[in-house]
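Please open the structure in the viewer and keep the selection panel at hand. The tour below proceeds one selection at a time.

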Amino acid sequence: MSGWVKIVGLGPGADSMITPEVTAALAEATDVVGYVPYVNRVAPREGLTRHGSDNREEIRRAEAALDMACEGKRVAVVSSGDPGVFAMAAAVFEALEAGKPAWRALDIQVLPGISAMLAASARAGAPLGHDFCCINLSDNLKPWALIEKRLRLAAIADFAMAFYNPRSTSRPIGFERTLDVLREECEPERVIIFARAVSTPEESIRVVTLGDATPEMADMRTLVIVGSSLTRVIERAAAPLVYTPRSVA
Ligand code: SAH
């Protein structure tokens with residue numbers, strides 16, 4: 001069989017949220033490539049070599065995957081969630097565009113997964129039921145000024161928003177600034193959802209108002225959803241349901 005590259009999404013954590021298409025690709029792969037914790041989510045088996053690498057090694061990892069496929073290997077490049085959302089698919093194509101002409105002859109496919117914002121939104125209700133946008137709050141690959149501009153304009157445009165990579169120990173300030181910008185543009189009653197480790201045993205879903213939100217509510221395992229001005233909370237004995245109606249009067 002000739003080589004291929006399948007760039008696959010492992011979903012937010014639970015095996016039940018991995019698509020059958022991705023499971024089949026992983027079963028056929030000879031090699032799996034990705035960030036160590038994601039590679040570790042693929043069970044070892046005979047005939048499968050797992051290549052875990054560091055978080056910031058995306059381009060080198062993509063190049064290695066393309067080279068291995070040229071040698072006839074069946075390579076699964078793994079991401080959490082969906083591989084097209086702040087993840088490996090774009091990294092593979094950056095490597096492909098700048099790299100060896102032979103790579104362009106390869107069979108390359110992207111297999112979607114359940115992205116964190118969809119899993120988080122489903123747990124909370126339907127906060128993304130009307131227009132929304134998503135923003136990666138990490139300034140590792142773009143200037144903070146651009147993040148702040150997009151954030152402010154999205155708030156002014158009254159989008160619901162999903163934030164990936166909200167806060168890490170090496171970037172403690174960004175999320176504080178995010179909350180400051182939101183407080184400048186939105187009312188204090190605005191609904192915010194902190195969805196942490198969704199679909200894993202550590203899952204927690206917290207629904208608060210912008211007025212009560214604090215930076216420590218987010219970490220690198222948290223997906224933050226900020227409602228639009230129309231987002232509503234249905235209180236009940238069980239956990240509240242958060243939703244954004246489908247229409248604007
Ligand atoms: N490709 C991934 C996103 C990678 S960026 C996807 O589509 O989901 C990593 C960020 O995703 C984390 O910082 C966090 O904001 C979010 N994330 C990933 N898995 C999550 C989970 N199980 N629960 C909550 N947020 C998660």
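In which sense do strand 6 and strand 13 pair, and over how many bridges? To find out, select residues 241-243, which make up strand 13, and then add residues 125-126, which make up strand 6. The model on display is a predicted one. In it, the two strands pair in the parallel sense, over two bridges. Within this pair, look for Ala126, which stands opposite Tyr243 of strand 13.

**The rest of the sheet**

Next, add residues 232-234, which form strand 12. Three strands now make up an open sheet with mixed pairing, and their order is 6-13-12. Strand 6 and strand 12 stand at the edges and have a single partner strand each, so one side of each is left without a neighbour in the sheet. As background, the strands of a sheet pair through backbone hydrogen bonds, in either a parallel or an antiparallel manner.

**The two domains**

Now colour the chain by domain. Residues 4-114 are assigned to domain 1 and residues 117-243 to domain 2. The centres of the two domains, taken over C-alpha atoms, are separated by 28 Å. Where the domains touch, eight residues of domain 1 are in contact with eleven residues of domain 2.

**The ligand and its shell**

Select the ligand and display the residues around it. There are 19 of these, and those that come nearest are Val85, Ser115, Ala116, Met220 and Thr222. Which domains supply the shell? Domain 1 and domain 2 each contribute at least three residues to it. Sorted by class, the shell holds twelve nonpolar, five polar and two charged residues.

**Polar contacts of the ligand**

Finally, show distances from the oxygen atoms of the ligand. Begin with Asp82: one of its backbone N or O atoms lies 2.8 Å from a ligand oxygen. Proceed to Ala116, where a backbone N or O atom is likewise found 2.8 Å from an oxygen atom of the ligand. Then select Asn165, which has a side-chain N or O atom 3.0 Å from a ligand oxygen. How much of the ligand does the protein bury? Taken alone, the ligand exposes 550 Å², and the protein buries 91% of that area.

Terms used:
Residues numbered from 1 in each chain as written. Predicted model: local features only at pLDDT ≥ 70, side-chain atom pairs only at ≥ 80, totals over all residues. Heavy atoms only, no water. Near = heavy atom within 4 Å. Polar contact = N/O pair within 3.5 Å; in protein donor to acceptor, adjacent residues only side chain to side chain. Areas by Shrake-Rupley, 256 points an atom, 1.4 Å probe, with all protein chains shown as cover. Nonpolar A, V, L, I, M, F, W, Y, C, P; charged D, E, K, R; others polar. Domains from an automatic or database assignment. Pairing = 2+ DSSP bridges. Helix = DSSP H or I, 4+ residues; strand = E, 2+ residues; numbered from the N terminus. Contact = heavy atoms within 4.5 Å.
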